[in-house]
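User: I'd like to go through this structure with you and ask why things get the labels they do.

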Amino acid sequence: MQEVLPPTVPVALTELLRDEQLALHQVAGPPAGPRDQVYAVHTSEMGDPVPYLLGGELLLTAGVHGPAPEDGAERHWAEYVTRTVRAGATALGFGIAPLYDEVPPALAEACDRHGLPLLRVPEETPFTAVARTLWQLVAERRHRDLQRLSAAQQALTTAATRPHPVPAVLARLAEQTDGWAALFGRGGREVAVAGAEPPQDERRALVALTGRLRAAPSSAADASGAWRLSAFALTGAAAGADDGERLALGVCARGPEGADDALVRSAVALLSLLTSQRVAATNARPPAALVRLLLGFPVADVLPVLSVAGLWTVVHGRRRPGTPDHGLLARTGLAAGLRTDLVDVDGDTLRALVPGDGTVAAQPGWTLGASRPVAADDLLLGDAGAAESLGRAVAEHRPVVRQRRTHSHDLGALLAPGEARARARARLRPLSGRPALVETLRAWLSVHGSWDRSAAALGVHRNTVRQRIARTGELLDADLGDPDERAELWLALRWV
């Protein structure tokens, strides 16, 4: 039967013994070691403490329930220690005063016989001080554990972004748990391993533990000597496995506390993502598309490799100040939120291709601009539209701005696409090789000539915008205060 313990982290009994202010002293029982873990301090003067203990306590008593020496003290203390051990107490603390000047010899004898550490609590140490010290130590340990867990999870996430992420995540997990980590396939087949190998007995026990996941498909745990064993089923079929073979993560961790459960579960989530068939298929498609592009295939012939066709929406994004970069997990969240695997995050900028004509939803921590739906041959036009929309979104402090659709009264629709592009290139040729001027003109026109809003969209000072617009007007030989000139240049920018 599984022992029920209080919902807290334990503190080694030796830490309480080292506290000089408490001045506790062990007088009987086996020497306290790292395996003697205290979950709580409980004071009781009941002759039978069993109904009041959960297990793992340091039980404190002043011996009020004890008999007079002539009334058979040996038998009483022997039965009391027997019940205390049966209740699962980690140790017994005996308070000197008000009833006893020293620890009863019969009590010390019984603790030696039953292997229960017995501590002498001096008269000047209140029982409440022992409890307060324990909770202070618990709080300090929780803080240390949270710091270690945060650093370890960051290390796992970083490992997941490397060229060979699965071995990298396993290696980090083995390092953080000071043990051995392995991915197992059907029949205990080792798919990948990392860390110092445990003894063969523990290794076989771990394989057997992963076999139990068929009946309990989430996780299983066991202890074997100095090792703690745990196994977790990954949520997703293994890439390339027959019939969607399910993988399991097995961990052999050293020490009495074993692997940090939260850390191992983080590794399970990452490995489930990295080994799923969907991710493997997604990772296999971009190289094939890249080969076609490098060999000069038209874009329309490359897109079918990505298993998508038809219209596309181009998305540009800018990370908002103060938003942390969570690496692979952030990219995964963006891919899910935008409903596309074609997401490119480079520092604080984002570009994505969203199949079809779906709505682009706001994403936490990002400002987004989306183009109107374009055909595969017009992706560059969509890219310009997304950049224009992002500029407006930044200037207007909106989470998402989508480019307006082409209306029937759009003058560009009166020209054939080829002719329109040719005229647009000719009009904008003086700006060739000056991308900063082109983007400034686009942003400035998109916000109707507002210096402040265009400066915000571009991330520059308003005087910089003024200088660039003035220089653009000179190169184009255009009066940018003339609405006709502005309309002509806006149409040209939309077609190029």
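Analyst: Sure! Keep in mind that this is a predicted model, where local features need pLDDT of at least 70 and side-chain atom pairs count only at pLDDT 80 or more, while totals for chains, interfaces and linings use all residues. Residues are numbered from 1 along each chain as its sequence is written, and side-chain values use heavy atoms, with hydrogens and water left out.

User: What makes strand 2 and strand 7 a pair?

Analyst: Pairing takes at least two bridges found by DSSP. Strand 2 (residues 25-28) and strand 7 (residues 118-121) are joined by three and run antiparallel. One partnership is alanine 28 with leucine 118.

User: And how do you know that strand 6 pairs with strand 7?

Analyst: Four bridges link strand 6 (residues 91-95) to strand 7, and these two run parallel. Glycine 93, for instance, has leucine 119 as its bridge partner. The chain gets from strand 6 to strand 7 through helix 3 (residues 105-114), in a right-handed β-α-β crossover.

User: Why is helix 4 called roughly antiparallel to helix 5?

Analyst: Helix 4 (residues 127-160) and helix 5 (residues 165-177) pack at about 160 degrees, with axes 7 Å apart. Angles under 35 degrees count as roughly parallel, over 145 as roughly antiparallel, 65 to 115 as roughly perpendicular and the rest as oblique. So helix 4 is roughly antiparallel to helix 5.

User: Why is helix 11 described as largely enclosed?

Analyst: Buried means under 20% relative accessible area (exposed is over 50%, partly exposed in between, with a 1.4 Å probe and protein chains only). In helix 11, 14 of the 18 residues are buried, so the rest of the structure largely encloses it.

Terms used
A crossover is right-handed if, with the strands pointing away from the viewer, the path from the first strand over the helix to the second runs clockwise. Axes are lines fitted to C-alpha atoms, for helices over the stretch in contact, and angles run from 0 to 180 degrees between N-to-C directions.
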